[in-house]
Amino acid sequence: MRKKGDKSTRAKKRREKALFTLGIYLTVLTGTVLSGIISGTALKEIFANISTSIVGIMVFVYYYLKDNGKMVENILAKRIFIIFFMLSNVIVALESVVQTGTIWMLAVAVIAVREGMGHAVPCHALLMLQYMVLSPGAAGNIRKVIFHAVLGILLAFIISEVKRKKLFIYAAVILTALTVVLLLVLYRFDFYELACNKEYVGLCTAGNIILLTAAWITYCIDKKHEHMVLSGLFDIDSELMQRIMEHSSYLYSHSVQNGRLSYKAAAFMGFDRLLAGTGGLYHEAGRIYSEKGDIDAFNRIAREYRFPAVLASAARQNSTSSEKPKSPEEAIIMLSDCIISISEYLEKKGKREEITDEKIVKNIFSNRIAKGNLDESGMDRRQLNKLMGFYIDNAFSEEQNLLDMERYG
């Protein structure tokens with residue numbers, strides 16, 4: 001039965017990779033042909049542009065399919081990815097007859113929000129190649145090429161780093177300031193030339209507004225969907241939790257304890273308690289497919305149950321994780337797992353009574369801080385001390401039980 005399931009999974013992966021590859025080829029080549037048609041380009045030149053586009057596509061597809069296509073597997077919403085990539089290619093195609101400013105970077109903005117910088121930058125690279133091939137404004141104007149190349153990378157970086165809605169205001173200010181600087185470089189700090197090209201400056205400004213608006217809307221939609229998914233998964237009677245219980249009653253008990261403790265710790269600290277609690281519940285879910293709980297097994301679970309990116313990242317945190325927590329919630333899940341696991345180990349060895357709760361917690365915090373595991377968690381020393389105090393007072397409280405978590409759903 002297991003082999004049959006594995007075979008089906010491999011077939012599905014191959015199909016996804018094939019469809020993704022086909023989608024990229026059709027999207028880019030359609031844009032290249034469309035550009036030639038609307039601009040009245042000679043057939044010979046259209047074929048030359050198609051050849052250049054194919055080279056770019058081949059490099060792009062190779063990058064995404066290497067390592068058994070892990071980059072493709074990591075795309076959370078492949079249809080959205082292709083749709084916005086197609087829209088950007090169409091806008092780039094229009095560059096052959098009309099200037100579009102920065103609007104053609106639409107896919108970069110949306111993909112940066114949904115998939116992160118790791119996907120947004122490769123997309124920008126391929127779109128940049130199309131821009132260089134199809135836009136008359138790019139021909140022989142190395143400064144304009146550099147302007148768009150650098151701005152696209154900055155856009156991908158800035159948008160991918162926005163983790164809260166209010167930070168979009170800062171993102172808008174930073175992007176606007178950087179665009180102004182790049183425009184000054186483009187026109188060699190010649191304010192007269194800048195004024196003469198005010199139409200293009202206006203297009204870039206309008207383009208940035210559209211890009212930021214699209215990113216903000218995408219973020220809001222994703223957050224709403226994310227909350228809905230997390231609410232459905234944060235349940236000890238969920239389908240996945242039942243599978244964990246059928247696999248191992250010990251694993252189920254451990255997972256519920258981690259989910260409960262992570263939820264309460266995050267609530268105490270004022271962080272996202274739903275994310276921390278849900279991540280704590282499923283931090284060892286990969287053991288259903290592999291007793292080692294390796295990353296591939298976990299990713300399989302994440303794909304099956306459509307974990308939002310933020311949950312997939314948070315739930316990968318456990319006492320043996322090699323990844324550094326990138327948020328307070330991820331750090332809480334890791335620390336909760338360490339505390340629970342160490343306590344269970346000492347109970348098993350009959351040494352639990354010899355070590356105080358305070359000593360267990362302080363040793364874990366000291367060890368993790370010394371190793372640099374909490375350097376990227378977004379918590380300062382004051383917050384870590386406050387969190388440590390919470391664990392000392394609450395992690396081993398006898399009044400807690402496995403069903404306690406139901407009150408917090």
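**View A. An aromatic cluster built from six rings.** In this predicted model, one aromatic cluster brings together F20, F60, Y63, Y64, F81 and F85. Across the structure, the count of aromatic pairs comes to 15. Take F20 and F81 from the cluster: their ring centres sit 5.7 Å apart with the planes at 55 degrees, so this one goes down as tilted. F20 belongs to helix α1 and F81 to helix α3, so the pair ties together parts that are 61 residues apart in sequence. Both F20 and F81 are buried.

**View B. F298 meets F307 edge-to-face.** Here's another aromatic pair, with F298 and F307 at 6.1 Å centre to centre and 65 degrees between the planes. Why is this pair called edge-to-face? Planes over 60 degrees apart get that label, and F298 and F307 have 65 degrees between theirs. How buried are the two partners? F298 has a relative accessible area of 4%, so it is buried, and F307 also counts as buried, with 4% relative accessibility.

**View C. Helix α13 and the loop that comes after.** Staying with F298, zoom out to its helix: A297, F298, N299, R300, I301 and A302 are buried in α13. Following α13 comes R306, whose phi is positive, near 50 degrees, and R306 is a residue other than glycine. You'll find R306 in the loop between α13 (295-304) and α14 (309-315). Is R306 buried or exposed? Its relative accessible area is 67%, so R306 is exposed.

**View D. R188, with a positive phi in a loop.** R188 isn't a glycine, yet its phi is positive, at about 55 degrees. Look for R188 in the loop between α7 (167-186) and α8 (191-196). Exposed means over 50% relative accessible area, so R188, at 53% relative accessibility, counts as exposed.

**View E. H148 and its surroundings.** H148 sits in helix α6, which covers residues 142-160. Its relative accessibility is 0%, so H148 counts as buried. Which residues touch H148, leaving aside its neighbours within four places in sequence? The contacts are G101, T102, W104, M105, H124, M128, Y131 and Y200. With one of them, Y131, the side chain of H148 makes a polar contact of 3.3 Å.

**View F. A nonpolar patch on the surface.** Now for the outside: V33, I37, I38, I83, M86, L87, V90, L94, V97 and V98 form a nonpolar patch, and together they have about 780 Å² of accessible area. Which helices each supply at least two residues of this patch? They are α1 (2-39) and α3 (78-94). The largest share comes from α3, with five residues. For a look at one patch member, pick M86, which lies in helix α3. M86 has a relative accessible area of 40%, so it is partly exposed. Helix α3 turns up in View A too, as the helix that holds F81. Unlike M86 with its 40%, F81 is buried.

Note on methods:
Residues numbered from 1 in each chain as written. Predicted model: local features only at pLDDT ≥ 70, side-chain atom pairs only at ≥ 80, totals over all residues. Heavy atoms only, no water. Helix = DSSP H or I, 4+ residues; strand = E, 2+ residues; numbered from the N terminus. Buried < 20%, exposed > 50% of the residue type's maximum accessible area, 1.4 Å probe, protein only. Polar contact = N/O pair within 3.5 Å; in protein donor to acceptor, adjacent residues only side chain to side chain. Contact = heavy atoms within 4.5 Å. Patch = residues over 30% accessible without salt bridge, like charges linked within 9 Å, V, L, I, M, F, W, Y side chains within 5 Å. Areas by Shrake-Rupley, 256 points an atom, 1.4 Å probe, with all protein chains shown as cover. Salt bridge = Lys/Arg side-chain N within 4 Å of Asp/Glu carboxyl O. Phe/Tyr/Trp six-rings, centres within 6.5 Å; stacked < 30°, edge-to-face > 60°.
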